[in-house]
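Work through the exercises below with the coordinates open. Each task is followed by a stepwise solution.

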Amino acid sequence: MDLPTPSPSPSPSDSPPPVNWDSLDALVLDFVRSDRLIAPSASPSPPSSPSSSTTTATSSSSPSTSTSSSYCSRILIRLARRALEAGDVDAALALLRAQAPAALLDHRLLFHLHKQRFVELVRSGTEADREAALDCLRTALAPCALDAYPEAYEEFKHILLVLIYDKDDQSSPVTNEWSIKRRFELAGLLSSILRAQLRAYDPILSMTLRYLISIHKVFCSRQGISSPISDLTERLLFEDRDLPAVPQECSVEAPPFDEVDVQALAHAVELTRQGAVDSLKFAKGDLYQAFQNELCRMKLDLSHLDKLVHEYCVYRGIVEGCSHALPGTSDLKCSQNTDVSSINKQRANSETHLECEMADNQDGGCSTSDITYHDSWSKRIRKDRSSTSGQGRRKRWRGRSDDLNYACETPANADHEILSPSFDMDEDVLIQKQILYFLILGICKIRSMRLFWR
């Protein structure tokens, strides 16, 4: 019997191209700046000529203001979500009235908020809260039910049953209304609406990760193979999504959309056809905005993502500190033989030795090619890391902060003091070009899917 011929090992010429470290650095730096994960520098920036200062201020004032506004809006969304998930609807309403009053003009959303507030007041069980619940019923919930949407008044009559049935009664007709899950669903719906209204989209890096992980899972599922990075992807991207924002009644009679756009959106983010149509209605036919809305509905574990970004920034010499192995990254075993303190003292003469092994995937199909063949790739890593580590001094990692007052009071140009001088003026231009490059790639991807469906 003839034995099967073993497949030949890949040669260096057949190996994939090396990592584009400039593009990856640009994505990570944009993420770090957008979420202000690095502490601002206390020292003043080096003096520059008036002409260069004027040019820099003119060219970067608008992006900085936009970035600062988006950062404040994302923190506002995070705080409102956290309040709703904890059942504190009053805090969420107060936050919206103070920071985003336009969101409360959506009668559908306002009705859902008052309905959840009524349930939470009854849930507390105290006499004072019960009186507050009845007052909410008369002054807020009932008037809002009259013009929220056609089914609102029926839902209003149904929610009155929480006054009769106990929250622990599993056979009651209002079991779903009593469920804690309703808090998280409403929090997700509010996040979707605020994100689109305030244009508070996540940085390109996090949206790119959502898209790549989702299509990676779909590919592995359809091929019937196990993913070699499933531990990491399951930690980063949760299975459930935020509820989609429902289009206003006035835009329901919008003209029919191009079926190519509908199918492209549905297949890109795993939606039903009707879900893709509703998403396009809410975005008023803007395919790219609908694509962003759907990507941001996917839930990322920000704490784990921050750890990965911190690990990368330490490795690339952007921030100070020691790197630590993260759970879920056992497929890529990296040992760094150079101490961080010695790098700070002898950056010019130090050399980091990197030994990388990719775990052998027996299933095939979804595994990464063996990178031990890439001698030039390894040399590129050491060269890029050595040059990056030698530029300027490393910055202190601040971490994520949800202080809305700090976010809104920090000057818009404070982000430019975060990174070393080597990442200032020229790097800003590079980052903007890289972001534009990835945006164009995303649009081309959607366009190619449109051609496929013609």
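**Exercise 1.** In which loop is R36 found? Then describe its backbone and its burial, along with the helix that R36 follows.

Solution. The model is a predicted one.
Step 1: R36 lies in the loop between α1 and α2, the latter spanning 50–85.
Step 2: the phi of R36 is near 50 degrees, which is positive although the residue is not glycine. Most residues other than glycine have a negative phi.
Step 3: the relative accessibility of R36 is 2%, and buried means under 20%, so R36 counts as buried.
Step 4: R36 comes after α1. Helix α1, residues 21–35, covers 21 Å from its first C-alpha to its last, close to the 21 Å expected at 1.5 Å a residue.
Step 5: since 13 of the 15 residues of α1 are buried, the helix is largely enclosed by the rest of the structure.
Step 6: at the start of α1, a side-chain oxygen of N20 comes to within 3.3 Å of the backbone nitrogen of D22.

**Exercise 2.** Carry out the analysis for α11 and the residue with positive phi that follows α11.

Solution.
Step 1: α11 runs over residues 259–268, and eight of its 10 residues are buried. Among them are V260, D261, V262 and Q263.
Step 2: the N-terminal end of α11 is capped by D258, with a side-chain oxygen 3.1 Å from the backbone nitrogen of V260.
Step 3: E270 follows α11 and sits in the loop between α11 and α12 (273–282). Its phi is near 60 degrees, positive in a residue other than glycine.
Step 4: E270 has 41% relative accessibility and therefore counts as partly exposed.

**Exercise 3.** Characterise the packing of α9 with α13, and of α4 with α6.

Solution.
Step 1: α9 (residues 204–223) and α13 (residues 287–297) pack at about 80 degrees, their axes 9 Å apart. Angles of 65 to 115 degrees count as roughly perpendicular, so α9 is roughly perpendicular to α13.
Step 2: from α9 the contact uses M207, R210 and Y211, and from α13 it uses F291, Q292, L295 and C296. By class these residues are five nonpolar, one polar and one charged.
Step 3: for α4 (residues 107–124) and α6 (residues 152–159) the angle is about 5 degrees and the axes are 11 Å apart. This angle makes the two helices, α4 and α6, roughly parallel.
Step 4: F111, H112, K115, F118 and V119 of α4 meet A152, E155, F156 and I159 of α6. The contact of α4 with α6 comprises six nonpolar, one polar and two charged residues.

**Exercise 4.** Which residues of α1 and α9 meet, and how do their axes cross?

Solution.
Step 1: the axes of α1 and α9 come within 7 Å and cross at roughly 115 degrees.
Step 2: L27, V28, D30 and F31 of α1 meet I204, L205 and S206 of α9.
Step 3: the class count for the contact of α1 with α9 is five nonpolar, one polar and one charged.

**Exercise 5.** Is R183 buried or exposed, and which residues does R183 touch?

Solution.
Step 1: R183 is located in helix α8, residues 181–198.
Step 2: with 13% relative accessibility, R183 counts as buried.
Step 3: leaving out residues up to four places away in sequence, R183 touches L84, E85, A86, G87, Q116, E120 and R123.
Step 4: the side chains of R183 and E120 are joined by a polar contact of 2.9 Å.

Note on methods. Residues are numbered from 1 along each chain as its sequence is written. This is a predicted model: local features need pLDDT of at least 70, side-chain atom pairs count only at pLDDT 80 or more; totals for chains, interfaces and linings use all residues. Side-chain values use heavy atoms; hydrogens and water are left out. Axes are lines fitted to C-alpha atoms, for helices over the stretch in contact, and angles run from 0 to 180 degrees between N-to-C directions. Helices (H or I, at least four residues) and strands (E, at least two) are DSSP runs, numbered from the N terminus. Angles under 35 degrees count as roughly parallel, over 145 as roughly antiparallel, 65 to 115 as roughly perpendicular and the rest as oblique. Contact means heavy atoms within 4.5 Å. Ala, Val, Leu, Ile, Met, Phe, Trp, Tyr, Cys and Pro count as nonpolar, Asp, Glu, Lys and Arg as charged, and the others, Gly among them, as polar. The expected span of a helix is 1.5 Å times one less than its number of residues. Buried means under 20% relative accessible area, exposed over 50%, partly exposed in between (1.4 Å probe, protein chains only). A polar contact is a pair of N or O atoms within 3.5 Å; within protein, one must be able to donate a hydrogen and the other to accept it, and residues adjacent in sequence count only if both atoms are side-chain atoms.
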